[in-house]
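Here's a quick briefing to read alongside the sequence and the 3D view. Have both open and follow along, topic by topic.

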Amino acid sequence: MHPGELLAERFEIQRAAGAGGMGAVYSARHVRTNGVFAVKVLNPEAAADEEIYRRFQNEARAVAKLHHPNTVQLIDFGQTKEGLLYIAMEFLNGRSLAAEIARLGRIPPVRVLRILSQVCESLQEAHEKGIIHRDIKPDNIFLLETKGPGGGDFVKVLDFSVAKIESADAQATRVGTVFGTPPYMSPEQGSASKLTLHSDLYSCGIVAYEMLTGKPPFEARVPMEVLMMHMRNQPPPLIGFPQPVVDLVMKALEKQPTKRQTSAADLQRECQEAAALLLRGAVEGPASTGNTGGVPVVAAPPVAAPPVASASGA
């Protein structure tokens, strides 16, 4: 579509804001309200694919149920007279968390906790309404230019296209079908097992790990190798980070779902408590522990000294 074109007789296309294999996203002005929105349009070839068509509708159905401020808001959904499928959502100014990690390399622990806490707020509402996101990753977490209370980040969770919706009329996911992005998928996702809300919590743990270290814990050239690592390998230890942060991240990364936090609200509470502890420690604690104040930091194991050559061999 081109600037000036009218979509569904109410959205005037302003400019392209992104594109992919399935379609494009445009900045568009609503001709009646004059508001500016992000409109995702599925291209005709993709719309003819039953699976892509189902995912597009799935995203609209999922987001329509959600109203939390930390979740992207649905404005409209439909099909034009020409047969084009579209979803209109609030237009967001800012950058993805993936872009922020690429820009900074690593994100300070307190900021990590604040970002993760807001992701959990979005997920808690979704989980209460029977929706499992299934694709939590830095690309689907957006940091607005508009700051939140106190000047910190304001987070939006995006892309519910592969979300699992529990409802009487929901289409059942085929047994053995795998959805998600391998570096951020839970062990149960990789094995195509039945999912619970704990799968999203594992993905949150992966995202937190990447924010802290600059990369996810498991990487490989072949996606299947990454899935196997999620199922079999323990993540490399987080060294040099405050103990409360390490504890909550590693708990989220437990292989057994029941060993993780009980809910997104539980993980959010842990984030808030850890952040409060770090901030209080930074003010009250001794300077010897760096910017974490009096909060314990996970130290690297001691490195053994190299053997000293014996003088007798000279």
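**The chain as a whole**

Among contacts in the protein chain between residues at least 6 apart in sequence, 60% link residues at least 24 apart. Keep in mind that this is a predicted model. The secondary structure of the chain adds up to nine helices and eleven strands. Of its 314 residues, buried ones make up 47%, and the accessible surface is about 15600 Å², with 55% of that belonging to carbon and sulfur atoms.

**The N-terminal strands**

- β1 (6-7) and β2 (11-19) come with a loop between them, and Ala8 lies in that loop.
- These two strands, β1 and β2, pair in the antiparallel sense over two bridges, with Leu7 standing opposite Phe11 in β2.
- Together β1 and β2 make a hairpin that has three residues between the strands.
- Moving on, β2 also pairs with strand β3 (residues 23-30), again in the antiparallel sense, over seven bridges.
- Within that pairing, Ile13 has Ala28 in β3 as its bridge partner.

**Two alanines with positive phi**

- As background, most residues other than glycine have a negative phi.
- Ala8, in the turn of the β1/β2 hairpin, has a positive phi of about 55°, although it is not a glycine.
- Ala192 does something worth a look too: its phi is near 55°, a positive value in a residue other than glycine.
- You'll find Ala192 in the loop between α5 (187-190) and α6 (198-213).
- Buried or partly exposed, which is Ala192? At 24% relative accessibility, Ala192 counts as partly exposed, while Ala8 is buried, with a relative accessible area of 17%.

**The β7-β9-β10 sheet**

- Three strands form an open sheet here, in the order β7-β9-β10, and the pairing is antiparallel.
- Which strands stand at the edges? They are β7 (94-96) and β10 (155-157); each has a single partner strand, so one side of each is left without a neighbour in the sheet.
- From one strand to the next, the twist averages 25°.
- β7 and strand β9 (residues 141-144) run antiparallel and are joined by three bridges; Gly94 has Leu144 in β9 as its bridge partner.
- Helix α3 (residues 97-104) packs on this sheet and touches β7 and β9. The direction of α3 makes about 85° with that of β7.

**Cores, and a look around Phe160 and Ile131**

- The largest nonpolar core has 63 residues, and the ones touching the most other members are Leu97, Phe160 and Val249.
- Not counting residues up to four places away in sequence, Phe160 touches Asn58, Glu59, Ala62, Val63, Leu66, Thr71, Ala126, Ile131 and His133.
- There's also a second, separate core of 13 residues, and its members include Tyr26, Ala28, Val41 and Leu84.
- Back to Ile131 from the Phe160 list: Ile131 sits in strand β8 (residues 131-132) and is buried, with a relative accessible area of 0%.
- What is Ile131 in contact with, leaving aside its neighbours within four places in sequence? The residues are Ala62, Lys65, Leu66, Ala126, Phe160, Ala163, Lys164 and Ile165.
- Take Ile165 from that set: Ile131 and Ile165 are 34 residues apart along the chain, yet their C-alpha atoms are separated by 4.6 Å.

**Cysteines**

- How many disulfides does a search of the whole structure find? The search comes up with zero.
- For Cys204, the closest cysteine sulfur is in Cys120, at 4.7 Å, which is too far for a bond.
- Cys271 also has its closest cysteine sulfur in Cys120, this time at 5.3 Å, so that pair is too far for a bond as well.
- The cut-off behind this reasoning is that a disulfide needs two cysteine sulfur atoms within 2.5 Å.
- As for exposure, Cys204 counts as buried at 1% relative accessibility, and Cys271 counts as buried at 1% too.

Key: Residues are numbered from 1 along each chain as its sequence is written. This is a predicted model: local features need pLDDT of at least 70, side-chain atom pairs count only at pLDDT 80 or more; totals for chains, interfaces and linings use all residues. Side-chain values use heavy atoms; hydrogens and water are left out. Two strands pair if DSSP finds at least two bridges between them. Helices (H or I, at least four residues) and strands (E, at least two) are DSSP runs, numbered from the N terminus. Axes are lines fitted to C-alpha atoms, for helices over the stretch in contact, and angles run from 0 to 180 degrees between N-to-C directions. Contact means heavy atoms within 4.5 Å. Buried means under 20% relative accessible area, exposed over 50%, partly exposed in between (1.4 Å probe, protein chains only). Accessible areas come from the Shrake-Rupley method with a 1.4 Å probe; for residues, only the protein chains shown count as cover. A nonpolar core is a set of buried Ala, Val, Leu, Ile, Met, Phe, Trp, Tyr and Cys residues joined through side-chain atoms within 4.5 Å.
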